[in-house]
Amino acid sequence: MTQEVILTADLGAGSLRAAAIGLDGATHAIARRELTLAEPSPGWAEADPDLWWHALAETMAEVLEADVAPRAIAITAMTRSQVFLDAGGRSLRPAIIWRDTRAAAIAAECARWLPIDNPATAVNAFHTVARIAWLHAHEPATFEALAAVLEPKDALNLRLTGVIAADGVTAARFDDLAPTPDAPDWLARALALVDLPRRMPWEAVGTVTATGAPFDRLAGLPVFGGAMDTWAGAVGAGAVEPGLAYDVCGTSEAVGLVTARAARVPGLVPMPWSEDAFQLGGPTQAGGDAARWAFDMLRLPGTLAEAVDAAGRLAPSESLPMFVPYLAGERAPVWRPDVRGVLAGLSRAHGPAEAMFAVIEGVAGAVEDIVRTAEAAGTTARAVTVCGGGALSDAWCQIKADVLGLPVIRPREVETGLVGSAAAAAVGLGVYATLAEAARAMNAPERTFAPRPEFAAVFAERRAARAALKSFALSGMVGE
């Protein structure tokens with residue numbers, strides 16, 4: 001039986017996945033292509049956008065082999081990455097990917113001309129304006145030929161529809177950009193390049209006009225704005241209503257709190273979120289990466305998942321060691337690349353399981369740090385939705401519930417980026433009235449992890465101790 005579906009795609013640095021997602025959230029077909037990055041100099045990371053387009057075409061063709069009837073296309077992708085186009089929509093050079101640090105020095109100069117008090121939205125090495133500034137300084141011919149600078153998703157949407165647009169969630173990062181009177185003339189052009197027409201994720205950018213296979217079979221199909229991967233993941237997990245926090249659990253954590261009103265809190269990124277809600281949040285620097293570090297350092301047998309489960313079976317107590325996970329600095333809400341981690345309270349009675357407990361609890365503490373910081377804007381978190389690979393661990397979900405003192409809700413499908421994109425398109429098509437309704441219908445909760453009341457006092461004491469350790473780490477006395 002032919003199924004009505006949304007065609008979705010999720011573009012990351014290492015792969016592109018495409019899928020046919022039913023209007024009930026079921027996956028009817030999925031395809032994947034591996035991608036490669038180039039690192040022509042230390043600290044650089046580049047990719048050829050044409051390879052993304054070819055991967056999209058190949059995966060969509062594979063998905064369309066299933067017995068499906070497409071209703072729309074919606075794409076999500078990595079963010080803080082830029083595609084540089086000329087007036088004909090052709091790439092002028094390789095795209096610069098999110099982890100590239102080449103613009104660090106010039107970002108500091110740009111920050112003088114674009115002063116922003118909030119470190120979460122200030123110009124840094126990963127900011128689009130800093131990377132345009134780098135082109136102005138190092139590739140002037142490319143800078144002069146620039147007609148558009150797009151996020152990866154928006155570049156794919158342009159090739160599908162012929163329309164230039166940015167989604168209103170991701171582009172909100174540019175709302176604070178206001179140059180000082182002494183800013184150079186070229187900066188005005190750089191700011192104009194990021195001032196694009198905006199569409200919210202559930203609003204149509206255009207319709208398919210691409211003529212190459214397989215898109216010639218999809219002519220006239222609506223293409224929705226979509227959004228960055230964090231938004232798609234959080235929405236796919238159900239975090240769309242005020243009071244719901246989200247935690248996208250991966251190598252690092254992306255965390256936020258959905259609020260009823262637009263608000264600003266130092267250290268967090270403010271964004272419009274759903275039809276009538278907003279969010280405050282940001283990425284941490286450590287998540288699954290911290291657990292992997294501990295697993296490798298301790299040379300544990302078995303698998304990382306087994307080690308995390310063993311730690312989760314320990315009875316929480318005040319005597320367990322504690323960890324602040326600043327192994328590579330920290331992003332939200334402190335934005336300090338120089339800070340270092342702290343492992344404290346060790347004794348001879350502690351073994352690998354106790355050390356791993358400290359690490360996964362420490363990552364949960366970083367999640368709590370963002371949620372509590374966001375609550376200062378006036379919205380109290382009532383639950384946390386989790387998604388991503390780390391959400392598969394029952395042990396870690398339970399520890400997060402205990403540390404935050406909040407229910408942790410895991411949806412039936414934890415890889416939620418594709419579902420979140422499909423939900424936005426389903427709202428745009430009128431299948432569902434709201435994102436909340438779409439999320440409930442397309443990815444219902446699978447399990448809720450409630451805080452364990454018998455350990456509430458223990459975690460309250462450990463919360464206070466962790467705050468003291470965080471202050472010690474931020475003092476700059478660690479790792480000097």
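In this report, helices (H or I, at least four residues) and strands (E, at least two) are DSSP runs, numbered from the N terminus. With that in hand, P214 can be placed in the loop between strand 11 and strand 12. Please keep in mind as you read that this is a predicted model.

## The seven-stranded sheet

Let us start with the sheet of seven strands. This sheet is open, its pairing is mixed, and its strands follow the order 15-16-14-13-19-20-21. Strand 15 (269-274) and strand 21 (445-449) are at the edges with a single partner strand each, so one side of each has no neighbour in the sheet. From one strand to the next, the twist averages 25 degrees.

Within this sheet, strand 14 (residues 253-259) and strand 16 (residues 277-283) are antiparallel partners, paired over six bridges. If you would like a spot to look at on screen, T259 stands opposite F278 in strand 16.

Helix 7 (residues 229-236) lies across strand 13 (244-249), strand 14, strand 15 and strand 19 (383-387). The helix runs at about 120 degrees to strand 13.

## Around strand 20

Strand 20 is worth a visit of its own. On one side, strand 19 and strand 20 run parallel and are joined by two bridges, with T385 opposite I409 in strand 20. Strand 19, helix 11 (residues 394-404) and strand 20 together make a right-handed β-α-β unit. Strand 20 also pairs with strand 21, this time antiparallel and through four bridges; here R410 has R447 in strand 21 as its bridge partner.

Which way do the residues of strand 20 (residues 408-411) point? V408 and R410 point one way, while I409 and P411 point the other way, and all are buried.

## The six-stranded sheet

Now for the sheet of six strands. Here the order is 3-2-1-5-12-11 in an open sheet, again with mixed pairing. The edge strands are strand 3 (27-34) and strand 11 (204-207); each has a single partner strand, so one side of each is left without a neighbour in the sheet. The twist averages 20 degrees from one strand to the next.

Strand 1 (residues 3-11) and strand 5 (residues 68-77) run parallel and are joined by nine bridges, and L11 stands opposite A77 in strand 5. Two helices pack on this sheet. Helix 1 (residues 49-63) touches strand 1, strand 2 (15-22), strand 3 and strand 5, and its direction makes about 150 degrees with that of strand 3. Helix 5 (residues 152-161) touches strand 1, strand 5, strand 11 and strand 12 (222-224), with a direction at about 145 degrees to that of strand 5.

## Nonpolar cores

In soluble globular proteins, nonpolar side chains tend to be buried together. In this model, the largest nonpolar core has 92 residues, and W231, W273, M356, L435 and M442 have the most contacts inside it. Helix 10 (residues 352-375) supplies the largest share of this core, eleven residues. A second, separate core has 45 residues, including V5, L35, I73 and L160.

What does M442 touch, leaving aside its neighbours within four places in sequence? M442 is in contact with I21, G22, L23, D24, G25, R412, V419, A422, A423, A426 and Y432.

## Backbone details to check

Two cis peptide bonds and two positive phi values deserve a look. Here they are side by side.

| Site | Backbone feature |
|---|---|
| A213 to P214 | cis peptide bond, omega near 0 degrees |
| A332 to P333 | cis peptide bond, omega near -5 degrees |
| R299 | positive phi of about 55 degrees, not a glycine |
| W335 | positive phi of about 55 degrees, not a glycine |

P333 is in the loop between strand 17 (322-324) and strand 18 (342-344), and W335 lies in the loop between strand 17 and strand 18 too. R299, for its part, is found in the loop between helix 8 (288-298) and helix 9 (304-312).

Are R299 and W335 buried or exposed? The cut-offs are under 20% relative accessible area for buried and over 50% for exposed. R299 counts as exposed because its relative accessibility is 75%, whereas W335 counts as buried because its relative accessibility is 18%.

Technical notes. Residues are numbered from 1 along each chain as its sequence is written. This is a predicted model: local features need pLDDT of at least 70, side-chain atom pairs count only at pLDDT 80 or more; totals for chains, interfaces and linings use all residues. Side-chain values use heavy atoms; hydrogens and water are left out. Two strands pair if DSSP finds at least two bridges between them. Axes are lines fitted to C-alpha atoms, for helices over the stretch in contact, and angles run from 0 to 180 degrees between N-to-C directions. Contact means heavy atoms within 4.5 Å. A nonpolar core is a set of buried Ala, Val, Leu, Ile, Met, Phe, Trp, Tyr and Cys residues joined through side-chain atoms within 4.5 Å. Buried means under 20% relative accessible area, exposed over 50%, partly exposed in between (1.4 Å probe, protein chains only). A crossover is right-handed if, with the strands pointing away from the viewer, the path from the first strand over the helix to the second runs clockwise.
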